[in-house]
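Please open the structure in your viewer and keep the sequence panel beside it. The stops below say what to select next and what is to be found there.

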Amino acid sequence: MPKPPSVRFLFAHPAHFFACGCGSGLAPWAPGTFGTLFAWASFILFRPFFGDGQLLFLFAVAYLAGIWFIEVAGRALGEPDHGSIVWDEIVPFWFVLLLAPPGWLWQLAAFLLFRLFDISKPQPARWFDENVKNGFGVMADDLVAAGYTLFVLALLRYTIGG
């Protein structure tokens, strides 16, 4: 894995700050996992203050802005999907948490499934990862992981109830 950028890089441009997950992407190992944990913690903090429709709107804005954040940070780092760029984990996981069944066990299952799908990159996530080397592609492969996560959660909920 490439070396994480410095704290100086993080604060050099607002796009760097957000692309690197407000600093969570600077973790020396498993930055994607740290970014997803940041998403989980931040979701718990802001969820009580917004309705579902408001969050969907905010997440859509965050997703679209993320394409630009990642494009700017990726160019500055010399790699479009540098390991320290974790906004692509954060926003899709917020979406997963919004749509997941309530309760911390469902959230834990969502976290584990999302990380599994983000790392394994089942198609079409792998196609985006390998062929679309820009902010859109980086964001898109994690949106696919979110879709797989929600599908499996729905199957689990149907199978075991809850």
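Select Asp141 to begin: at 2% relative accessibility this residue counts as buried, a word that here means under 20% relative accessible area, with exposed meaning over 50% and partly exposed in between, for a 1.4 Å probe and protein chains only. The model is a predicted one, in which local features need pLDDT of at least 70 and side-chain atom pairs count only at pLDDT 80 or more, while totals for chains, interfaces and linings use all residues. Residues are numbered from 1 along each chain as its sequence is written, and side-chain values use heavy atoms, with hydrogens and water left out.

Asp141 lies in helix H8, where helices are DSSP runs of H or I with at least four residues, numbered from the N terminus. Now display what surrounds Asp141: leaving aside residues up to four places away in sequence, Asp141 touches Asp81, Asp118, Lys121, Ala125, Phe128 and Asp129, contact being heavy atoms within 4.5 Å. A distance label between the C-alpha atoms of Asp141 and Phe117, which are 24 residues apart along the chain, should read 9.6 Å.

Move next to Asp129, which lies in helix H7 and, at 21% relative accessibility, counts as partly exposed. Apart from residues up to four places away in sequence, Asp129 touches Asp81, Lys121 and Asp141. The C-alpha atoms of Asp129 and Tyr63, 66 residues apart along the chain, are separated by 17 Å.

Lys121, a contact of Asp129 and of Asp141, is the next selection. Lys121 is found in the loop between H6 and H7, is buried with a relative accessible area of 14%, and has a positive phi of about 50° although it is not a glycine. Most residues other than glycine have a negative phi, and most peptide bonds are trans. In the loop between H6 and H7 select Pro124 as well, since a cis peptide bond, with omega at about 0°, joins Gln123 and Pro124.

For another positive phi, go to Ala30, where the value is about 50° although the residue is not a glycine. Ala30 sits in the loop between H2 and H3 and, at 32% relative accessibility, counts as partly exposed.

Now show H5 and H6 together. These helices pack at an angle of about 140°, with their axes 10 Å apart; axes are lines fitted to C-alpha atoms, for helices over the stretch in contact, and angles run from 0 to 180 degrees between N-to-C directions. H5 and H6 are therefore oblique to each other, given that angles under 35 degrees count as roughly parallel, over 145 as roughly antiparallel, 65 to 115 as roughly perpendicular and the rest as oblique. To see the contact, select Glu89, Pro92, Phe93, Val96 and Leu97 of H5 with Gln107, Ala110, Phe111, Phe114, Arg115 and Asp118 of H6.

Finally, colour the largest nonpolar core, which has 46 residues, those with the most contacts inside it being Phe43, Trp87, Phe93, Trp94 and Leu153. Such a core is a set of buried Ala, Val, Leu, Ile, Met, Phe, Trp, Tyr and Cys residues joined through side-chain atoms within 4.5 Å. Among the helices that each supply at least two residues of this core are H3 (31-46), H4 (52-77) and H8 (135-160). End on Leu153, which touches Val96, Ala100, Trp106, Ala109, Ala110 and Leu113, not counting residues up to four places away in sequence.
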